[in-house]
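Okay, thanks for coming, everyone. I'll put the structure up and then walk you through a few parts of it.

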Amino acid sequence: MDTQSLQAFLAVADHGSFSLAAEQLYLTQPAVSKRIATLEDQIGARLFDRIGRRVSLTEAGRVLLPRAREILVMVDDSRRALANLSGSFGGSLTMATSHHIGLHRLPPILKAYTQAHPEVRMDMRFLDSEQAYQGVLDGELEIAVVTLAPVPDPQLLVVPVWTDRLRFVCGKDHPLAGHGTLPLSALSDYDAVLPGHLTFTRGIVVDTFARDGLKVNVALSTNYLETLKMMVAIGLGWSVLPESLIDGEVHVLPIDHRPIERPLGYLVHKSRTLSNAARSMMEMLDQAIERN
């Protein structure tokens, strides 16, 4: 098996589409089909069922999928280990971050990094924190800078860098805006707009209410905090926002409850050989901890 065929196989499996896989790999669709056909010839089994426009893994494809990921991670690890021997910082750094962290926390670090290592090609991906976690676990990402999970996976090295304090907010015309100090229970009587139900931030908020025996009535969801802020400002419900996003467009609710906080930081796979470029990024993030 050659690595190019395995890369094509993973791209088709992840996207469920030959055309989308071709876009990801910067290839034509016939070139992707040829690589899959070559791989199927090598292993003597069909990897995908093609019914109409739907592409799904066969049993052989499902067996090969985790092994293909492992093979490509091992190949990448070997390349990085050899490059590290020379002390080189060349090549690329595959890194993911959430939109909020990428806009409000990372810019000074990224500026310093690119000035220190202009030879490194940054492959920066903006993903939801949960997707980035999985990308590091699957070996697709070297490092992710995201909202940290309440219970981290034991396969990952997780390092908190910042703490985001979340504030309860509502629109200026919302019924809650006219009150003084409120108990947490008052929010249960009104609709909330929060991140999606599988996000770490939503889990932190819901767990906070659950510990007090309360429920959150979520009317609308979006994973983009800037969109949440807009939804709050126009009166669609209350929410929680990081202090860095709060301005005159929303009203901060004086809730009689301990502050809700979410940890932000970076994570890498414990079993992965990291490039010198990734190690240098970790050092700069560690310096950000010391400045906090």
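Before I count anything: when I say helix or strand, I mean a DSSP run, H or I over at least four residues for a helix, E over at least two for a strand, numbered from the N terminus. Counted that way, the protein has ten helices and eleven strands. And keep in mind that what you're looking at is a predicted model.

A bit of overall context, then. There are 292 residues in the protein, and 43% of them are buried. Put the C-alpha atoms in a box along the principal axes and you get roughly 70 × 50 × 30 Å. If you take contacts between residues at least 6 apart in sequence, 73% of those join residues at least 24 apart.

Let's start at helix 1. You know the drill here: two packed helices are described by the angle between their axes and the distance between the axes. So how do helix 1 and helix 3 pack, in angle and axis distance? Helix 1 is residues 3–15, helix 3 is residues 29–43, and the angle is about 110 degrees with the axes 8 Å apart. Roughly perpendicular counts from 65 to 115 degrees, and that is why this pair gets called roughly perpendicular. The handedness of this crossing is left-handed. On the helix 1 side, the contact residues are Q4, S5, L6, A8, F9 and V12, and on the helix 3 side they're V32, R35, I36, T38 and L39. By type, that contact splits into seven nonpolar, three polar and one charged.

Now helix 1 against helix 2, which runs over 18–25. Those axes come within 8 Å, and they cross at roughly 125 degrees. That angle makes helix 1 oblique to helix 2. This crossing is right-handed. Helix 1 brings Q7, A8, A11, V12 and H15 to the contact, and helix 2 brings F18, L20, A21, Q24 and L25. The breakdown there is seven nonpolar, three polar and no charged.

While we're in this region, have a look at Y26, in the loop between helix 2 and helix 3. What's the phi of Y26? Near 60 degrees, so a positive value in a residue other than glycine. As for its surroundings, Y26 counts as exposed, because its relative accessibility is 77%.

Okay, aromatics. A pair of rings is described by the distance of the centres and the angle of the planes. How many aromatic pairs does the structure hold? Six. I'll show you two of them.

One is F9 with F48, a tilted pair, 5.5 Å centre to centre and 50 degrees between the planes. F9 sits in helix 1 and F48 in strand 1, residues 48–51, so this pair ties together parts that are 39 residues apart in sequence. Are F9 and F48 buried or exposed? Both are buried. The other pair I picked is F168 with F209, edge-to-face, at 6.3 Å between centres and 80 degrees between planes. This one also links distant parts of the chain, with F168 in strand 6, residues 156–170, and F209 in helix 8, residues 200–211, 41 residues apart. F168 counts as buried because its relative accessibility is 7%, and F209 is buried too, at 0%.

Going back to F9 for a second: together with F18 and F48, F9 forms one aromatic cluster.

F48 also turns up in the contacts of S56, which is in strand 2, residues 54–57. Leaving out residues up to four places away in sequence, S56 touches L47, F48 and D49. S56 is partly exposed, because its relative accessible area is 26%. And S56 to V12 is 9.0 Å, C-alpha to C-alpha, with their positions 44 residues apart in sequence.

Last stop, K215, in the loop between helix 8 and strand 8, which covers 217–221. With a relative accessible area of 69%, K215 is exposed. With the usual exclusion of residues up to four places away, K215 touches S188 and F209, and F209 is the buried ring from the edge-to-face pair. Take K215 and E283, on the other hand: they're 68 residues apart in sequence, and C-alpha to C-alpha they're 41 Å apart.

That's my tour. Shout if you want me to go back to anything.

Definitions and conventions. Residues numbered from 1 in each chain as written. Predicted model: local features only at pLDDT ≥ 70, side-chain atom pairs only at ≥ 80, totals over all residues. Heavy atoms only, no water. Axes fitted to C-alpha atoms, helices over the stretch in contact; angles between N-to-C directions. Parallel < 35°, antiparallel > 145°, perpendicular 65-115°, else oblique. Left-handed = near helix turned anticlockwise from the far one by under 90°. Contact = heavy atoms within 4.5 Å. Nonpolar A, V, L, I, M, F, W, Y, C, P; charged D, E, K, R; others polar. Phe/Tyr/Trp six-rings, centres within 6.5 Å; stacked < 30°, edge-to-face > 60°. Buried < 20%, exposed > 50% of the residue type's maximum accessible area, 1.4 Å probe, protein only.
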